[in-house]
Amino acid sequence: MSKLLSLTRAARLVGVNRVVLQKKIQNGELDAHDGMVNVDDLLACYPDAELEDTVEIQRISRIKEQAFGKRVFERALPDPEVLAARVTELSRTLALNQAMLENLKGLFNKLLKKLDETQCDAASQQMMGDLRLWIRHEAESAMEPGLGNLLAIKDNMLRVMAAHVTVLPSGHDFLLEGQDTLLEAAMSAGIPLNYGCSGGNCGLCKARVVSGEVKKTRHHDYVLTEAEKSQGWILLCSNTAVSDVSIEAAVAGSVQDIPFQEITATVKSVEPLGQDMMLLHLQTPRTQRLRFLAGQSVVLKVGQAFSAELPIASCPCDDRNVLFHVRRQNGNLFSDYVFDRMKARESVEIEGPQGEFILHEKSPRPLYFFAFDGGFAPIKSVIEHAMSLNAESIRLYWIASSREDIYMPNMVRAWADALDNFQHEEQVAGFDLRSLTARREESLIRQLQAIAEKDAGLMEGDLYVAGPEAAVRVAERFFLDLGLPRARVTSSLIT
Ligand code: FES
């Protein structure tokens, strides 16, 4: 019987996005059994699979490297003990398979001998001869290193370098590579497992190993009872996967699952992103990271005098390095402070997160993002998260008051260069999107109308709109008037 592979592993082996395989299954082009595909069906779908080529994976890696910072990539090779355990397991499987192969060879030779010894008439002799030739030919072909064998070799290599993790009961799955803990690997795959400190203190990441082998990677202060240990309970932030594993763990499904947090972070850097936009990089303590869903906001406070609610402009997969885009607003005390006085290493209080501008992960629809000016900040966070989840189609329209308000054009171009599933278009409105007269509203509606007319897929998509209130309200009305259901238009207002 042909070998079964998880969808994640199969996608990795033939070098395509997991969503592409899901689409093939939905269209009936590829059979799946309990979320697994068999090697023969996979090869029938991808007869020209470039087994040595991992173009798609390299592209995703590049984009993640830029988006997620170094944390995810700093430890590429598994721990030596984990590597040794995986190689030992593969060697055991190899030895069993070799023994089985020897038995089959013996059986095969006995069969040929039996055919040689069988006495029969001339016509039957001819038939026996043909049968012997056919058996020999088939046996030799089976030993040839064909595509299926190459796939098996690649799969074995992947098994040494990465473990496949299934989360129950949600059914999420991901590959754990390098020396990542189970928690880190889940986060870089965009799966919001329950957790708190990331450092073995709070116990919130407690999960039960249902099958497979894990290895503790560091001491943790949180104490698991002997009964819990014997039932397979572990801390996800302190263990890695040795073999493919299934774990029972809670996954945050909505904003209500994320607790309110108060964290004292440190300013790592403040850098201009253009004339009127500043990139504020905060770093949380190692043991108290910010848990949030992509697209949410927090309140930042400097002392008693300066505070602002800002959308987070980074991905939840890097919960220690949290980024914000701060716009210059003359007379706004927080903005003035960031532009004129804020220095590296000073303390900033983070409170939150809040907001419901989050990705509808279960929706199969293409994703459309409309960023007005600094509305790009929460949209950037959601897009990076969607990339982690291998979303099938992401389209960004960035409409700005002026050319300068498209303040990260290079990042958007880099996404487009690296990802086939990402497309973007920037447009300049030519007026301040924060204050719209009736004439400007009409002009903005004409811009949206032109987009809707040339982009037929928009009516089938989930729309995410973010920016100053005036522009967002116009866009919401326009899309609802077009006939899009309210539930498919999600918006975020920024100041
Ligand atoms: S997240 Fe706190 S113990 Fe794992």
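In which strand is the place of A371? In this predicted model, A371 belongs to strand 16, which covers residues 367–372. The residue is buried, because 29 other C-beta atoms lie within 10 Å and a count of 20 or more defines the buried class. Apart from neighbours within four places in sequence, the contacts of A371 are with F376, I379, L396, W398, A466 and G467. A further relation links A371 to S492: the two residues are 121 positions apart in sequence, whereas their C-alpha atoms are 9.7 Å apart in space.

The overall arrangement of the protein is considered next. The domain assignment divides the protein into domain 1 (4–72), domain 2 (80–158), domain 3 (162–255), domain 4 (259–354) and domain 5 (367–494). The centres of domain 2 and domain 5, taken over C-alpha atoms, are separated by 58 Å. Along the principal axes, the C-alpha trace spans about 105 × 60 × 35 Å. The protein contains 14 helices and 20 strands, and buried residues account for 35% of its 495 residues. Of the contacts between residues at least 6 apart in sequence, 73% join residues at least 24 apart.

Confidence in the prediction varies along the chain. The mean pLDDT of the protein is 87, with 92% of residues reaching 70 or more. Two stretches, however, have values under 50. One of them is residues 51–57, for which the model has eleven contacts beyond four places in sequence. The other is residues 68–74, for which eleven contacts beyond four places in sequence are likewise found. Where pLDDT is low, predicted coordinates should not be read in detail.

Helix 5 comprises the 38 residues from 80 to 117. At 1.5 Å a residue, this helix should span 56 Å, and the 55 Å between its end C-alpha atoms agrees with that expectation. Helix 5 is hardly covered, since the count of buried residues among its 38 residues is two.

Strand 4 (residues 173–177) presents another case: four of its five residues are buried, and the strand is thus described as mostly covered. Strand 4 pairs with strand 3 (residues 162–168) in the antiparallel sense over five bridges. Within this pairing, A163 stands opposite L176 of strand 4. Strand 3 and strand 4 form a hairpin with four residues between the strands, where G171 takes a positive phi near 85 degrees.

A second glycine, G212, is found in the loop between strand 5 (206–211) and strand 6 (214–216). G212 is partly exposed, because 16 other C-beta atoms lie within 10 Å, a count between the limit of 12 or fewer for exposed residues and that of 20 or more for buried ones. When neighbours within four places in sequence are left aside, G212 is in contact with A241, S243, D244, V245 and S246. G212 and I247 are 35 residues apart in sequence, and the distance between their C-alpha atoms is 8.8 Å.

An open sheet of six strands, with antiparallel pairing, has the order 13-12-15-10-11-14. Strand 13 (306–311) and strand 14 (321–327) stand at the edges; each has a single partner strand, so one side of each is left without a neighbour in the sheet. From one strand to the next, the twist averages 35 degrees.

Several pairings within this sheet can be followed strand by strand. Strand 12 (residues 297–302) pairs with strand 15 (residues 347–354) in the antiparallel sense over four bridges, and V299 has E351 of strand 15 as its bridge partner. Strand 15 is also joined to strand 10 by six bridges, the two running antiparallel. The bridge partner of Q261 in strand 15 is G352. Strand 10 is in turn joined to strand 11 by seven bridges, again in the antiparallel sense. These two strands form a hairpin with two residues between them, and E271 stands opposite L279 in strand 11.

Helix 10 (residues 333–340) lies across strand 10 (261–274), strand 11 (277–283), strand 12, strand 13 and strand 14. With respect to strand 13, helix 10 runs at about 90 degrees.

Terms used. Residues are numbered from 1 along each chain as its sequence is written. This is a predicted model: local features need pLDDT of at least 70, side-chain atom pairs count only at pLDDT 80 or more; totals for chains, interfaces and linings use all residues. Domain bounds come from an automatic or database domain assignment. pLDDT is the predictor's confidence in each residue, from 0 to 100. Two residues are in contact if their C-beta atoms, placed from the backbone, lie within 7 Å. The expected span of a helix is 1.5 Å times one less than its number of residues. Two strands pair if DSSP finds at least two bridges between them. Axes are lines fitted to C-alpha atoms, for helices over the stretch in contact, and angles run from 0 to 180 degrees between N-to-C directions.
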